[in-house]
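Here is a friendly walk through one model, going from single residues to packed helices and back again. Keep the viewer open while you read.

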Amino acid sequence: MSEEPPDTLTGTRELLLGYLDFYRDALLRKLDGMPEEDLRASRLPSGWSPLGLLKHLAYVERRWFRWGFAAERLDDTGGDRDPDTGAFHVRPDESAEEIRALFLDECARTREIVAAADLQDVARTGGGFTPPEHHPALIWILFHVLQEYARHVGQLDVVRELADGATGA
């Protein structure tokens, strides 16, 4: 999906999911064609790289939908962060293809979770929210994740332009 969802959409579910897929695709398009060196390099004082951002968003999907909403028991919910600094982190032994596959797998799992739920359903007990009795509704989680994607894809626009001058898409 390279275009925004149509302006004729009026269903909340279709609109949220359409835009979420739009931003997922935009993220991947902005990374396409970047050499490995640029995918791993940071051009920002915070130190995150485009590949680190992709890994972070895979973990956003994992934390919010699998660990948080569906209350799946997961061993690894913070693998996108450097244990010492907290910054987005990609290990040297992780390839761009592995990170992309992780992202696509997490997006697919999110789609399964969302398809099986109503927007007004709340997070299951035992999920990754603090405090444990906090149970946000799926509609709120979708909107929160959507705005996080929009913000990060905008940041990636700037990083990509700094890397090689590419804009748009």
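Which residues does His 152 touch, not counting residues up to four places away in sequence? The contacts are Leu 53, His 56, Leu 57 and Phe 88. Please keep in mind throughout that this is a predicted model.

**His 152 and the α3/α5 contact**

His 152 sits in helix α5, which covers residues 138-164. With a relative accessibility of 6%, His 152 counts as buried, because buried means under 20%. Its side chain also has a polar contact, at 2.6 Å, with the side chain of Gln 155.

Leu 53, His 56 and Leu 57 also appear on the α3 side of the contact between α3 and α5, with His 152 on the α5 side. Helix α3 runs over residues 50-69, and its axis lies 11 Å from that of α5, at an angle of about 180°. The two helices are therefore roughly antiparallel to each other. By class, this contact has 15 nonpolar, 3 polar and 2 charged residues. From α3, the participants include Pro 50, Val 60, Trp 64 and Phe 69, while those from α5 include Leu 138, Ile 141, Val 145 and Val 159.

Glu 61 and Tyr 149 belong to this contact too. Is Glu 61, a residue of helix α3, buried or exposed? Its relative accessible area is 0%, so Glu 61 is buried. A polar contact of 2.6 Å links its side chain to that of Tyr 149. Apart from residues up to four places away in sequence, Glu 61 touches Arg 24, Arg 66, Glu 106, Cys 107, Thr 110 and Tyr 149.

**Helix α1 and its partners**

Helix α1 spans residues 12-31. At 1.5 Å a residue, its 20 residues should span 28 Å, and the end C-alpha atoms are 29 Å apart, which agrees. After α1 comes Gly 33, with a positive phi near 85°.

The buried residues of α1 include Leu 16, Leu 20, Phe 22, Ala 26 and Leu 31, and among them are also Arg 24 and Lys 30. What do the buried residues of α1 pack against? Their partners are α2 (36-40), α3, α4 (96-115) and α5.

Take α4 as one of these partners. The axes of α1 and α4 are 12 Å apart and make an angle of about 175°. That makes α1 roughly antiparallel to α4. Sorted by class, the contact of α1 with α4 has 8 nonpolar, 1 polar and 5 charged residues. On the α1 side are Arg 13, Leu 17, Asp 21, Arg 24, Leu 27 and Leu 28, which meet α4 residues including Arg 100, Phe 103, Cys 107 and Val 114.

Here are the two helix pairs side by side:

| Helix pair | Angle between axes | Distance between axes |
|---|---|---|
| α3 and α5 | about 180° | 11 Å |
| α1 and α4 | about 175° | 12 Å |

Tyr 23 is another residue of α1. Not counting residues up to four places away in sequence, Tyr 23 touches Leu 146, Tyr 149, Ala 150 and Val 153. The C-alpha atoms of Tyr 23 and Leu 146 are separated by 7.8 Å, although these positions lie 123 residues apart along the chain numbering.

Lys 30 and Thr 167 offer another long-range pair: they are 137 residues apart along the chain, with their C-alpha atoms separated by 8.6 Å. Thr 167 is in the segment after α5, and its relative accessible area of 56% makes Thr 167 exposed.

**Loops and backbone details**

Most residues other than glycine have a negative phi, and most peptide bonds are trans. With that in mind, two places deserve a look. Ala 71 is not a glycine, yet has a positive phi of about 60°. Ala 71 lies in the loop between α3 and α4 and counts as buried, at 17% relative accessibility. Thr 130 and Pro 131 are joined by a cis peptide bond, with omega about -5°. Pro 131 is in the loop between α4 and α5.

His 135 is also in the loop between α4 and α5, and is partly exposed, with a relative accessible area of 27%. What does the side chain of His 135 reach at 3.4 Å? There it finds the backbone oxygen of Glu 133. The backbone oxygen of Ala 123 lies 2.9 Å from a polar atom of the His 135 side chain. Leaving aside neighbours within four places in sequence, His 135 is in contact with Val 122, Ala 123, Arg 124 and Thr 125.

How values were computed:
Residues are numbered from 1 along each chain as its sequence is written. This is a predicted model: local features need pLDDT of at least 70, side-chain atom pairs count only at pLDDT 80 or more; totals for chains, interfaces and linings use all residues. Side-chain values use heavy atoms; hydrogens and water are left out. Helices (H or I, at least four residues) and strands (E, at least two) are DSSP runs, numbered from the N terminus. Buried means under 20% relative accessible area, exposed over 50%, partly exposed in between (1.4 Å probe, protein chains only). A polar contact is a pair of N or O atoms within 3.5 Å; within protein, one must be able to donate a hydrogen and the other to accept it, and residues adjacent in sequence count only if both atoms are side-chain atoms. Contact means heavy atoms within 4.5 Å. Axes are lines fitted to C-alpha atoms, for helices over the stretch in contact, and angles run from 0 to 180 degrees between N-to-C directions. Angles under 35 degrees count as roughly parallel, over 145 as roughly antiparallel, 65 to 115 as roughly perpendicular and the rest as oblique. Ala, Val, Leu, Ile, Met, Phe, Trp, Tyr, Cys and Pro count as nonpolar, Asp, Glu, Lys and Arg as charged, and the others, Gly among them, as polar. The expected span of a helix is 1.5 Å times one less than its number of residues.
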